[in-house]
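Hi everyone, thanks for making time. I'd like to walk you through some side-chain contacts, so have a look at the model first.

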Amino acid sequence: MSFMTEENRIEKIIDVCLRRGFVNQSAEIYGGSSGFFDLGPLGTLMRQKLVDFWRQLFVLDNDNIFEIDGSLLLPESVFKASGHLDSFEDPLIQCKSCKSMYRADHIIAQNTGISAEGLSLEELDKIVEENKIVCPSCKGELDKARQFNLMFSTGIGPVSGNKGYLRPETAQNIFVNFKRYASFMRNKLPFGIAQVGKSFRNEISPRNFLIRVREFEQMEIEMFFDPEMANKFSLFDFVEDVEINIVTKEMQEKEWSKPLSMSVKDAVEKRIIPNQVMGYFIAMESEMLQALGIPKESFWFRFMLPHETPHYSGGNLDLEVKLSIGNVEIIGNAYRTDYDLKKHQKASKSTFTIVSNNKKVLPHVVEPSMGVGRILYTILEYCYREDESRTWSWFKFPASIAPIEIAVFPLMKKDGLAEYAQDLHLDLKDAGFVSFYDDSGKIGKRYARADEIGILYCITVDYESLEKDTVTIRDRDSTKQARVPIEDLEDVLDALLEEELTFEELLENQKNN
RNA sequence: GCACGAGUAGUCUAAUGGUAGGACCGUAGACUCCCAUUCUACAAAUCCGGGUUCAAUUCCCGGCUCGUGCACCA
């Protein structure tokens, strides 16, 4: 694992991603645009598997969570009510001589202690002038403040003034149509509304490949509940013993080197996690990442400090993972209380209360939100392998995420081997396997190509296949081979991919026969 | 957004004020009874725009993209 800290790890990942069709920049032939990426053929297969995996775990397995698909472009009124129009708009101020940029309210707070949040541009300029605030780095004169909004705006229809914005988070679709979804759920708490989709933020400076981008996909759930029932969440019982890594608020007051390990039950009881609703999702997230090939010791849940969360937060915990480029948030868990429903209720003059325990309540909401691109990148980094015995790199993807699971090769193209292998490949595809056929060049090269994109098992048709109807299965991780009869092949592959059978066991069975 | 650096086939890279050479990958074929390493052939590039010049991939300016640092990350 020593190469984990290699500085150029991200470059190696990017190189494979480009060469083998995982990810490429959008509109590349025109120079592209910073912070926008297209998933290629393999990236799309992986994304599909990731979303399916999440959907099975968080949506389909739960009777009271359903998925919706909301529109990406929403009218201005939504973001006026949600607060994004104000809070997403940062006043920036620039030094006239050295051109450095600062947050106007930050620079004022540093110099005067005045809390300048939410002031108009004129008010900000006035404070800067009156207090003779200069550039912190070169003492130069500061220019006038101007607004920078992180939302992409556009006009809807031919009528000017009908403004719309690309959503900066998927959540708002769910809040604004809350009544519809509550009614669909027969107004019975708790219930969850899930959504997978794109969100957009006009980041000042996109960085680090898939990590800081302007268009990104989220997998998100808004879990609504009666606040009095926050610690009587029945799903929690299934996960309360799950051990998670956690970084508390207190730990962050000093230098911390290692997260604590404790059960989610303890974490909720000690109020490190705000309630059982969030505890459930945190436990599930921890299990999900491990199933996707990310080792448990590489990630933790960090309690967000007050300055990192909105004022209405009832406690947020980010899932952070150690990557070659530093610690990165890949999942956010937010206890948004009733803030969003309250805001939209007021602005739209709607009523969002629900009867629970014979009284009217405005539901609270816990929001687990995952970045698809960030999780995919994390999987790529943790599955990437270089070792002594191979001159090529490979991905140790678990079957749950591997874009292609199996490949079928004829040992050589002649003597009917290719035809035999083709037929086998088609049969396996019919049986539902994600299979890839290749007969070009030599067999070793094909194994290498398969390893490089993380194909788990390569099935090779050789002369013995023609005589005895047996084929070899090559294991990506060990490069060892086992021979199995064709009639057992599908069952064996199923068992291997479902991890009901290890390759070592398959080799053992063979010896005994 | 700012500063500095960089931008040549899919990838890595060489060279040059007279439009580019290699390696790997790829494709086709030969060879080949199991791990990219044989042989032949083929395909593929100077980020975009402007300027200087007889001539620019090369020099200058602007843009775009990438990297690093700063700032930002509701």
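I'll talk about rings, then salt bridges, then a patch on the surface.

Quick housekeeping: this is a predicted model, where local features need pLDDT of at least 70 and side-chain atom pairs count only at pLDDT 80 or more, while totals for chains, interfaces and linings use all residues. Residues are numbered from 1 along each chain as its sequence is written, chains are lettered from A and ligands numbered from 1 in the order written, and side-chain values use heavy atoms, with hydrogens and water left out.

Okay, rings. Rings of Phe, Tyr and Trp (its six-membered ring) pair if their centres lie within 6.5 Å; planes under 30 degrees apart are stacked, over 60 edge-to-face, and the rest tilted. That rule gives 22 aromatic pairs. Take Tyr384 and Phe395: they're edge-to-face, with 5.8 Å between centres and 70° between planes. Tyr384 sits in strand 20 and Phe395 in strand 21, so this pair ties together parts eleven residues apart in sequence. Strands here are DSSP runs (E, at least two residues), helices are too (H or I, at least four), and both are numbered from the N terminus.

And are those two rings buried or exposed? Buried means under 20% relative accessible area, exposed over 50%, and partly exposed in between, with a 1.4 Å probe and protein chains only. Tyr384 is buried at 4%, and Phe395 is buried at 1%. Phe395 also pairs with Phe397: the centres are 4.8 Å apart and the planes at 10°, so that one is stacked. Phe397 is buried too, at 0%.

Elsewhere, ring pairs link Trp54, Phe58, Phe233, Tyr280 and Phe281 into a cluster.

Now salt bridges, meaning a side-chain nitrogen of Lys or Arg within 4 Å of a carboxyl oxygen of Asp or Glu. How many does the structure hold? There are 27. In one of them, Glu452 meets Arg19, with the closest N and O atoms 2.9 Å apart. Glu452 is in helix 15 and Arg19 in helix 1, 433 residues apart, so to speak of distant parts of the chain is fair. Glu452 is buried at 12%, whereas Arg19 is partly exposed at 47%. Both belong to a salt-bridge network with Asp15 and Arg20.

Another salt bridge joins Lys198 and Glu215, at 2.8 Å from N to O. Lys198 is in strand 10 and Glu215 in strand 11, 17 residues apart.

Last stop, the loop between strand 22 and helix 14, where Met412 sits. Met412 is partly exposed, at 31%.

That's it from me, thanks!
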